[in-house]
Amino acid sequence: MVVFPNCKINLGLNIIAKRDDGFHNLETVFLPLPMTDALEIVQSSNHATPVEFTSSGLPIAGNEKDNLCVKAYYILRRDYSQIPPVKIHLLKAIPIGAGLGGGSADGAFALICLNKKFNLGISEGSLIQYALQLGSDCPFFIINKPCFAQQRGEELEEISLGLAGYKLLLVNPGMHINTGWAFSQIKPGQPAKSIRQVVQQPISTWKAELVNDFERPVVTHHPELKEIKAQLYNLGAVYAGMSGSGSSFFGIFPKEFSVDEGHFPKNYLVKEIFFQNSNP
């Protein structure tokens, strides 16, 4: 079975409080985007090795056992011992450490794929709980529709966004931002206005009110990133912001605008995405 884990952006991100378990309570709006990896899971006859994992495309750092696709297999197998050995291959195309949630998507889609392939009958609610064991962004990808998220990110409410008349320009400079470092730079606090309320307002108000708490420390430490946002506004973006803990930025433009991608360095990943309705 082959699935195509997609990435996301954050429309605003407020870090509200540090939790007793070491995580943070936050609020954000997750918006799925149609830029994908490819994930294949096939049954294996190698009972000596429950999971054989391989990858291609962008290099994936770290130990294989720490890959979220592999972790997803073992999390499910604890409760569903009938799952046979598998071979997993991941074609990695979504930039890593970019604030786009590519790794989280891979783990969540592995859960979905295993559930379907082996007819486990796991409900969406239970898949969300399994996904939370993989990471705070993973539950969103089980739903994979525009959502207002709270708590660690697992309390999800589907919302409608009026983006049919707009398109998005995604810009990734190829810089890896450490999420742990980014959290260490934040002083949590309750925002004056909830992101849920802001995104229901006209998009013309977002520039003044829709904030990502990570953006200030990240661009202070990496001033070259500030230029990406400035350039998006220079090109005519109605709203521009950073996704997650960076380093990807995006601009939302009226769909009739012609956006020249040549304004960004050639080594940057620049992708234009059109919105058809509430989902891209």
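This is a chat between a trainee and a mentor about a predicted model.

Trainee: Hi! Let's start with helix α9. Which of its residues are buried?

Mentor: Helix α9 runs over residues 224-234, and its buried residues are Leu225, Ile228, Leu232 and Tyr233.

Trainee: Where do they sit around the axis?

Mentor: They are on the same side of α9, because they cover an arc of only 130° around the axis. There is a general reason behind such patterns: an α-helix has 3.6 residues a turn, so residues three or four places apart point the same way.

Trainee: And what does the face turned away from the buried side carry?

Mentor: That face of α9 carries exposed residues, namely Lys226, Glu227 and Asn234.

Trainee: OK, so what covers the buried residues of α9?

Mentor: The cover includes three strands, β9 (166-172), β10 (239-242) and β11 (249-254). Helices α7 (206-209) and α8 (215-221) are also part of the cover.

Trainee: What happens just after α9?

Mentor: Look at Gly236 there: its phi is positive, at about 115°.

Trainee: Let's move to the inside. Which residues touch the most other members in the largest nonpolar core?

Mentor: Leu11, Trp206 and Leu232 do, in a core of 53 residues. You have met Leu232 already, as one of the buried residues of α9.

Trainee: What is Trp206 in contact with, leaving aside neighbours within four places in sequence?

Mentor: Its contacts are Leu11, Leu163, Val198, Val199, Gln201, Tyr239 and Ile252. There is also a second, separate core, made of 40 residues. Cys69, Phe109, Ile112 and Ile143 are among them.

Trainee: Changing topic: which residues make the nonpolar surface patch of about 210 Å²?

Mentor: That patch is made by Leu58, Ile60 and Ile96. Ile60 lies in the loop that connects β5 (51-57) and α1 (68-79). Its relative accessible area is 30%, so Ile60 is partly exposed.

Trainee: Now charges. How many salt bridges are there?

Mentor: The count comes to 9 salt bridges. In general, side chains of opposite charge can pair when their charged atoms come close.

Trainee: Which residue forms a salt bridge with Lys167?

Mentor: Glu272 does, and the closest N and O atoms are 2.9 Å apart. This pair links distant parts of the chain, as Lys167 is in strand β9 and Glu272 is in strand β12 (residues 269-274), 105 residues apart.

Trainee: Is Lys167 buried or exposed?

Mentor: Lys167 is buried, with a relative accessible area of 4%. Its partner Glu272 is partly exposed, at 30%.

Trainee: What about Glu209, where is its partner?

Mentor: Glu209 pairs with Lys193, with the closest N and O atoms 2.7 Å apart. Glu209 belongs to helix α7, while Lys193 is in the loop between α5 (179-184) and α6 (195-199), 16 residues apart. Glu209 is partly exposed at 32% relative accessibility, and Lys193 counts as partly exposed too, at 29%.

Trainee: Which residues are joined into one network by salt bridges that share partners?

Mentor: Those are Asp37, Lys92 and Asp106.

Trainee: One last pair: how far apart are the closest N and O atoms of Asp66 and Lys65?

Mentor: They are 3.6 Å apart in that salt bridge. Lys65 is exposed, with a relative accessible area of 56%, whereas Asp66 is partly exposed, at 42%.

Notes. Residues are numbered from 1 along each chain as its sequence is written. This is a predicted model: local features need pLDDT of at least 70, side-chain atom pairs count only at pLDDT 80 or more; totals for chains, interfaces and linings use all residues. Side-chain values use heavy atoms; hydrogens and water are left out. Buried means under 20% relative accessible area, exposed over 50%, partly exposed in between (1.4 Å probe, protein chains only). Helices (H or I, at least four residues) and strands (E, at least two) are DSSP runs, numbered from the N terminus. The arc is that of the directions from the helix axis to the C-beta atoms. Contact means heavy atoms within 4.5 Å. A nonpolar core is a set of buried Ala, Val, Leu, Ile, Met, Phe, Trp, Tyr and Cys residues joined through side-chain atoms within 4.5 Å. Patches are made of residues with over 30% relative accessible area and no salt bridge: like charges are joined within 9 Å, nonpolar side chains (Val, Leu, Ile, Met, Phe, Trp, Tyr) within 5 Å. Accessible areas come from the Shrake-Rupley method with a 1.4 Å probe; for residues, only the protein chains shown count as cover. A salt bridge is a side-chain nitrogen of Lys or Arg within 4 Å of a carboxyl oxygen of Asp or Glu.
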